[in-house]
Amino acid sequence: NVRDGSRVCVAPAGSVVVNDEGDEMMVQKTSVGGQMSEGMLCDSKMLGWAGGAAGIAVQMPEHLPIGSAPPASKPRPQDDNETADS
């Protein structure tokens, strides 16, 4: 579900996310398909959000600055119309 121009949440190595069992886990550098991976794309469950499909990278609203921490709960579509100043 990731395409050119997508704004997704990335957990770099050293980040803590929620695994499929609901436990916290630290993202580690590892080899995937012979290539070094230094992080992973996050789905809603990994961020502790209610809703969202497992294994589908979350799409971040345009108003969130690139590199900022994800919000505490899943953004709703109307959040895309808000600005950081509102």
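# Notebook: pockets, core and three residues

I began with the lining of the largest pocket, whose residues I found to divide into 18 nonpolar, 3 polar and 1 charged. I note at once that this is a predicted model, and I read every entry below with that in mind.

**Entry on the largest pocket.** I looked up the volume of the largest pocket and found about 410 Å³. Its lining holds 22 residues, and I noted Val 8, Cys 9, Val 10, Ser 68 and Pro 70 as the closest to its centre. Strand 1 and strand 2, the latter spanning 16-18, are the elements that give two or more residues to this lining, and the largest share, 3 residues, comes from strand 1.

**Entry on the second pocket.** For the second largest pocket I wrote down a space of about 290 Å³. I counted 17 residues in the record of its lining, with Val 58, Gln 59, Met 60, Lys 74 and Pro 75 lying nearest the centre. The lining of this second largest pocket divides into 9 nonpolar, 3 polar and 5 charged residues.

**Entry on the chain as a whole.** I then stepped back to the secondary structure, where I found 0 helices and 6 strands, so ordered that the elements run β-β-β-β-β-β from the N terminus on. Of the 86 residues in the chain, buried ones make up 22%. I put the accessible surface of the chain at about 6000 Å², with 51% of that area belonging to carbon and sulfur atoms. Among contacts with a separation of 6 or more, I noted that 43% are accounted for by residues 24 or more positions apart.

**Entry on the core.** The largest nonpolar core has 10 residues, and I listed them as Cys 9, Ala 11, Val 17, Val 27, Cys 42, Met 46, Trp 49, Val 58, Met 60 and Leu 64. I followed Ala 11 further and, leaving aside neighbours within four places in sequence, found it in contact with Val 17, Val 27, Gly 39, Met 40 and Cys 42.

**Entry on Cys 9.** I placed Cys 9 in the segment before strand 1. I asked myself whether Cys 9 counts as buried or exposed. Cys 9 counts as buried because its relative accessibility is 9%, and the cut-off for buried is under 20%. Apart from neighbours within four places in sequence, I found Cys 9 in contact with Met 40, Leu 41, Cys 42, Leu 47, Val 58, Met 60 and Pro 70. Of these partners I checked Leu 41, which is 32 residues away from Cys 9 in sequence and 5.9 Å away in space, C-alpha to C-alpha.

**Entry on Asn 1.** I located Asn 1 in the segment before strand 1, which spans 10-12. Asn 1 is partly exposed because its relative accessible area is 45%, a value in between the limits of 20% and 50%. Leaving aside neighbours within four places in sequence, I found Asn 1 in contact with Ser 6, Ile 56, Ala 57 and Gln 59. Between the C-alpha atoms of Asn 1 and Ile 56 I noted 6.5 Å, although the two are 55 residues apart in sequence.

**Entry on Gly 52.** My last residue, Gly 52, lies in the segment after strand 6, a strand that spans 39-41. I entered Gly 52 as partly exposed because its relative accessibility is 47%. Not counting residues up to four places away in sequence, Gly 52 touches Ser 44 and Lys 74. Lys 74 is 22 residues from Gly 52 along the chain, and I noted a C-alpha separation of 8.2 Å for this pair.

Conventions
Residues numbered from 1 in each chain as written. Predicted model: local features only at pLDDT ≥ 70, side-chain atom pairs only at ≥ 80, totals over all residues. Heavy atoms only, no water. Helix = DSSP H or I, 4+ residues; strand = E, 2+ residues; numbered from the N terminus. Buried < 20%, exposed > 50% of the residue type's maximum accessible area, 1.4 Å probe, protein only. Contact = heavy atoms within 4.5 Å. 1 Å grid on protein atoms, 1.4 Å probe; cavity = no way out; pocket = protein on both sides within 12 Å on 5 of 7 lines; lining within 4 Å. Points joined across faces, edges and corners; volume = space filled by probe spheres on them. Nonpolar A, V, L, I, M, F, W, Y, C, P; charged D, E, K, R; others polar. Areas by Shrake-Rupley, 256 points an atom, 1.4 Å probe, with all protein chains shown as cover. Core = buried A, V, L, I, M, F, W, Y, C linked by side-chain atoms within 4.5 Å.
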